[in-house]
Amino acid sequence: MPGSADISKNRKFQLRLINKVKNSLKNDDVFKDMCKECGVSIDVIDLIPVKFGPLEVSARTANAVITLNDNLLTDGRFEMIPNLLIHEIKHHIDQVFGDHATQGAQQGDYLRNEDEASAFKIQLEYMADHFGKGEAERYSEHLLDHHDKKGPERAELKEELLSKVDDGV
């Protein structure tokens, strides 16, 4: 594997990593359930353009192209890539196959945005399935802190975001 200074520029390594993550998601129950709920084949993942690039956020989907923050390659957060990618794939599916235009992240209250909430629910379900319910809850707390949610609104949003996380996980 190239050194961390090299991987942010090594496109071949990046493509192999993206394909490895895509292939692992194709075998994942959360991903398969999401595709079934959205009415698309799991093989749609093979057609989704994904790249690494400089971003202010961890990941973004714009014009149905997923960009992952290239800092994920150099700061040792490889384990974040699949759960960020499943979130962004939900946006891609909504943008390409949905019956309405998706609301942008800067439009309105981010966590009240139905498209964002739907993608976060899938992401948190994935995290709980792979890292445990506690990790999904910690990430939801991080989201709520980052978006300065407090009091009853925070409790309501947390319950909604974690609604797909099984109690038994």
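## Salt bridges and nonpolar core

Lys158 and Glu141 form a salt bridge, with their closest N and O atoms 2.6 Å apart. A salt bridge here is a side-chain nitrogen of Lys or Arg within 4 Å of a carboxyl oxygen of Asp or Glu. The pair links distant parts of the chain, 17 residues apart: Lys158 is in helix H8 and Glu141 is in helix H7. Helices (H or I, at least four residues) are DSSP runs, numbered from the N terminus.

The model is predicted: local features need pLDDT of at least 70, side-chain atom pairs count only at pLDDT 80 or more, and totals for chains, interfaces and linings use all residues. Residues are numbered from 1 along each chain as its sequence is written, and side-chain values use heavy atoms, with hydrogens and water left out.

The whole structure has 12 salt bridges. Side chains of opposite charge can pair when their charged atoms come close. Three of the bridges are set out below.

| Salt bridge | Closest N to O |
|---|---|
| Lys158 and Glu141 | 2.6 Å |
| Glu135 and Arg138 | 3.0 Å |
| Lys149 and Glu153 | 3.4 Å |

Accessibility is given in three classes: buried means under 20% relative accessible area, exposed over 50%, and partly exposed in between (1.4 Å probe, protein chains only). Lys158 counts as partly exposed because its relative accessibility is 23%, and Glu141 falls in that class at 25%.

Glu135 and Arg138 both belong to helix H7, where they sit three residues apart, about one turn of the helix. Glu135 is partly exposed at 30%, whereas Arg138 is exposed at 52%.

Lys149 lies in the loop between helix H7 (133-146) and helix H8 (151-161). With a relative accessible area of 8%, Lys149 is buried. Its salt-bridge partner Glu153 is partly exposed at 29%. Elsewhere, salt bridges that share partners connect Glu141, Asp145, Arg154 and Lys158 in one network.

The nonpolar residues form another part of the picture. A nonpolar core is a set of buried Ala, Val, Leu, Ile, Met, Phe, Trp, Tyr and Cys residues joined through side-chain atoms within 4.5 Å. The largest such core has 42 residues, and Leu25, Leu68 and Ile89 have the most contacts inside it. Helix H5 (residues 80-97) contributes the most to this core, with seven residues. Apart from its neighbours within four places in sequence, Ile89 is in contact with Leu25, Phe31, Met34, Ile45, Ile48 and Ile66, where contact means heavy atoms within 4.5 Å. In soluble globular proteins, nonpolar side chains tend to be buried together.

Technical notes
Helices (H or I, at least four residues) and strands (E, at least two) are DSSP runs, numbered from the N terminus.
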